[in-house]
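Biologist: Before I trust the labels on this one, I'd like to hear what each of them rests on. Take me through them, cut-offs included.

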Amino acid sequence: MKYTFIIQLLWIILVYGHVQSQPVDKFEKARKSMVQDQINPRDITDKATLAAMGKVPRHLFVPSGYVSIAYKDGPVPIGYGQTISQPFIVAYMTQAIKPKPNYKVLEIGTGSGYQAAILAEIVDSVFSVEIIPELGDKAKKLLNKLDYDNVHIKIDDGYFGWKEHAPFDAIIVTAAATYIPPPLIEQLKTGGYMIIPVGHPFQVQKLVMVQKKEKKISTRTMLPVRFVPFTRSK
Ligand code: SAH
């Protein structure tokens with residue numbers, strides 16, 4: 001009787017240990033399908049973007065209760081009323097700024113840190129600003145743990161960009177603003193692209209591509225989207 005119990009206990013420990021050491025492989029398959037089924041067919045052709053989407057462990061960026069839907073075709077809640085964007089939108093915005101290995105990119109809205117990690121796979125350095133301290137700190141810890149030492153996070157109102165590190169080759173804003181913050185245009189290099197959702201909170205917004213030219217700014221409306229609002233510090 002006693003031995004049966006011990007054997008059962010050992011069995012449980014063995015199975016549990018096995019499950020614990022398995023998740024990477026399990027999610028690799030889900031990640032491959034995500035790229036093949038959701039991203040490839042929707043005109044994402046940039047090789048670096050596709051490779052990054054196939055590499056970054058998205059399930060580690062979502063709260064534990066949402067791991068099972070981490071690779072599904074939709075946004076995932078990350079707490080504090082915020083969400084990590086649908087994988088396709090992350091890929092779309094990444095490809096849109098035409099990222100290159102020597103780029104220094106500014107992101108506004110660190111959130112979970114997932115978009116920052118995708119960029120970090122492709123470009124030289126990422127400067128990311130988050131207004132909610134708890135989210136920014138959590139993302140910082142996770143990105144450190146995953147050895148993304150080319151991502152720099154600051155807790156602040158991203159309306160003002162990150163002046164000390166400007167100008168940036170490209171800018172990605174992941175919260176919907178009612179207008180494009182002028183400091184961000186100022187901190188974009190001439191010739192560089194910024195992608196930003198513009199529109200009113202909780203309505204359909206549009207993803208806008210901004211290109212800074214020598215003497216003017218050109219804008220192009222891309223997709224209808226729904227992002228969490230760009231908030232301001234008091
Ligand atoms: N890029 C994130 C998605 C985050 S959702 C990811 O990959 O997970 C949008 C984020 O923008 C939220 O975390 C929100 O707190 C943040 N945000 C909203 N307004 C902001 C502002 N003015 N400055 C910086 N971050 C802001």
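Biologist: Why is Tyr-3 called exposed?

Modeller: Relative accessible area decides it: under 20% is buried, over 50% is exposed, and partly exposed is in between, with a 1.4 Å probe and protein chains only. Tyr-3 has 67%, which is over 50%, so it counts as exposed. The areas come from the Shrake-Rupley method, again with a 1.4 Å probe, and for residues only the protein chains shown count as cover. Keep in mind that this is a predicted model: local features need pLDDT of at least 70, side-chain atom pairs count only at pLDDT 80 or more, while totals for chains, interfaces and linings use all residues. Residues are numbered from 1 along each chain as its sequence is written, and side-chain values use heavy atoms, with hydrogens and water left out.

Biologist: Which element holds Tyr-3?

Modeller: Helix 1, residues 2–20. Helices are DSSP runs of H or I with at least four residues, strands are runs of E with at least two, and both are numbered from the N terminus.

Biologist: What makes you call helix 4 mostly covered?

Modeller: Helix 4 runs over residues 87–96, and 10 of its 10 residues are buried. Among them are Phe-88, Ile-89, Tyr-92 and Met-93. After helix 4 comes Lys-98, with a positive phi near 50 degrees. Helix 5 gets that label too, with eight of its nine residues buried, including Tyr-114, Gln-115, Leu-119 and Ile-122.

Biologist: How do you know that Asp-73 and Arg-42 form a salt bridge?

Modeller: The rule asks for a side-chain nitrogen of Lys or Arg within 4 Å of a carboxyl oxygen of Asp or Glu. In this pair the closest N and O atoms are 2.8 Å apart, which is within 4 Å, so it qualifies. Asp-73 is in the loop between helix 3 (47–55) and strand 1 (76–79), and Arg-42 in the loop between helix 2 (23–39) and helix 3, so the pair ties together parts 31 residues apart in sequence. Asp-73, at 39%, counts as partly exposed, and so does Arg-42, at 32%.

Biologist: How many salt bridges does the rule give, then?

Modeller: Five. One of them joins Lys-55 to Glu-121, with the closest N and O atoms 3.2 Å apart. That pair links distant parts of the chain, Lys-55 in helix 3 and Glu-121 in helix 5, 66 residues apart.

Another joins Lys-189 to Asp-169 at 2.8 Å between the closest N and O atoms. Here Lys-189 is in strand 7 (residues 188–198) and Asp-169 in strand 6, 20 residues apart.

Biologist: Why is Asp-169 called buried and Lys-189 partly exposed?

Modeller: Asp-169 has 13% relative accessibility, under the 20% limit, so it is buried. Lys-189 has 33%, which falls between the two limits, so partly exposed is the label.

Biologist: Back to Tyr-3: what makes Tyr-3, Phe-5 and Ile-6 a patch?

Modeller: Patch members need over 30% relative accessible area and no salt bridge; like charges are joined within 9 Å, and nonpolar side chains (Val, Leu, Ile, Met, Phe, Trp, Tyr) within 5 Å. Tyr-3, Phe-5 and Ile-6 form a nonpolar patch on the surface, with about 380 Å² of accessible area together.

Biologist: And what makes an empty space a cavity, or a pocket?

Modeller: On a 1 Å grid over the protein atoms alone, a cavity is a set of points where a 1.4 Å probe fits but cannot get out; a pocket is an open set with protein on both sides within 12 Å along at least five of seven lines, and lining residues have an atom within 4 Å of a point. Points are joined across faces, edges and corners, and the volume is the space filled by probe spheres set on them. The count is one cavity of 30 Å³ or more. The largest cavity has about 350 Å³. It is lined by 28 residues, with Gly-109, Thr-110, Gly-111, Glu-130 and Thr-174 closest to its centre. Strand 2 gives the most to that lining, with three residues.

Biologist: What about the largest pocket?

Modeller: Its volume is about 300 Å³. Of its 15 lining residues, Leu-60, Phe-61, Val-62, Lys-138 and Leu-142 lie nearest the centre, and helix 6 (residues 133–145) gives the most, with five.
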